[in-house]
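Reader: I should like to go through this structure with you. Where shall we begin?
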Amino acid sequence: MQDFIDFISEHQLRLLDIAGAILGLIYIILEYKANIWFWIVSLIMPLVDMALYYKAGLYADFGMALYYALASVYGFIVWKTGSFSRKKGSYKEPLHIQHFPLSKILPCSIIFAVLWGGLFIFLDCATNSTVPVRDSFTTALSIIALWALAHKYIEQWILWIVVDIISCWLYIYKGIPFKAILYGLYVIIAIFGYRKWTAMYADI
């Protein structure tokens, strides 16, 4: 038993990396299919990721994992109950795939800039992070992307492509190879996801 405990302790980072990668793969496949159950996986996955990111010194990603868990509850409720229709009063109609509203681009850009700047200052001044610019950038953009995903905006895939490319580099740099491979796959799947959701939107 002690040998097993010693093995877990010695290889904890690698085991967390593998577990997170497996959950992440299940997550992205369900998201690609626009399957509501991916929100359940996204509620479990952050618990593993929080431990992984903390040990790897990716503190903004650690905070992002906590946000993922909370946002997953919101996303599941929105996808499950539908959206409010002004034309039909309080009637809840199914939430369909849609394009990112032009009216939301400016406010989302401002929120992103504020989040990026705030996170960077925090990481640079209050932690020993060695990648504060990139870590804060991916976290800030992920917050916007996850909100867009909760509302089924097609363009959320474009945001994730940017996040995934930079995150892939971050995980390679931090010695988390399985997570890096996963995010490399995320880039490819996100490209196909964008095409699939666009086709699904055309069929609505």
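Author: This is a predicted model. A suitable starting point is Lys152, which takes a positive phi of about 60° just after helix 6.

Reader: What does the charged end of Lys152 sit over?
Author: The charged end of Lys152 sits over the ring of Trp79, 4.4 Å from its centre. Trp79 belongs to one aromatic cluster together with Tyr27, Phe38, Trp39, Trp157 and Trp197.

Reader: And helix 6 itself, how many of its 19 residues are buried?
Author: In helix 6, 16 of the 19 residues are buried, so the helix is largely enclosed by the rest of the structure. Helix 6 covers residues 132–150 and reaches 27 Å from its first C-alpha to its last, close to the 27 Å expected.

Reader: Turning to the aromatics, how many pairs does the structure hold?
Author: The structure holds 17 aromatic pairs. One of them joins Tyr27 and Phe38 edge-to-face, at 5.3 Å centre to centre with 70° between the planes. Tyr27 lies in helix 2 and Phe38 in helix 3, so the pair ties together parts that are eleven residues apart in sequence.

Reader: Is Phe38 buried or exposed?
Author: Phe38 is buried, with a relative accessible area of 0%. Tyr27 also counts as buried, at 4% relative accessibility.

Reader: One more topic: where is Lys179, and which residues does it touch?
Author: Lys179 is in helix 8, residues 177–203. Leaving aside residues up to four places away in sequence, Lys179 touches Asp17, Gly20, Asp49, Leu52, Tyr53 and Tyr171.

Reader: Why does Lys179 count as buried?
Author: Its relative accessible area is 1%, and buried means under 20%.

Methods:
Residues are numbered from 1 along each chain as its sequence is written. This is a predicted model: local features need pLDDT of at least 70, side-chain atom pairs count only at pLDDT 80 or more; totals for chains, interfaces and linings use all residues. Side-chain values use heavy atoms; hydrogens and water are left out. Helices (H or I, at least four residues) and strands (E, at least two) are DSSP runs, numbered from the N terminus. The expected span of a helix is 1.5 Å times one less than its number of residues. Buried means under 20% relative accessible area, exposed over 50%, partly exposed in between (1.4 Å probe, protein chains only). Contact means heavy atoms within 4.5 Å. Rings of Phe, Tyr and Trp (its six-membered ring) pair if their centres lie within 6.5 Å; planes under 30 degrees apart count as stacked, over 60 as edge-to-face and the rest as tilted. A charge sits over a ring if NZ of Lys or CZ of Arg is within 6 Å of the ring centre and within 35 degrees of the ring normal.
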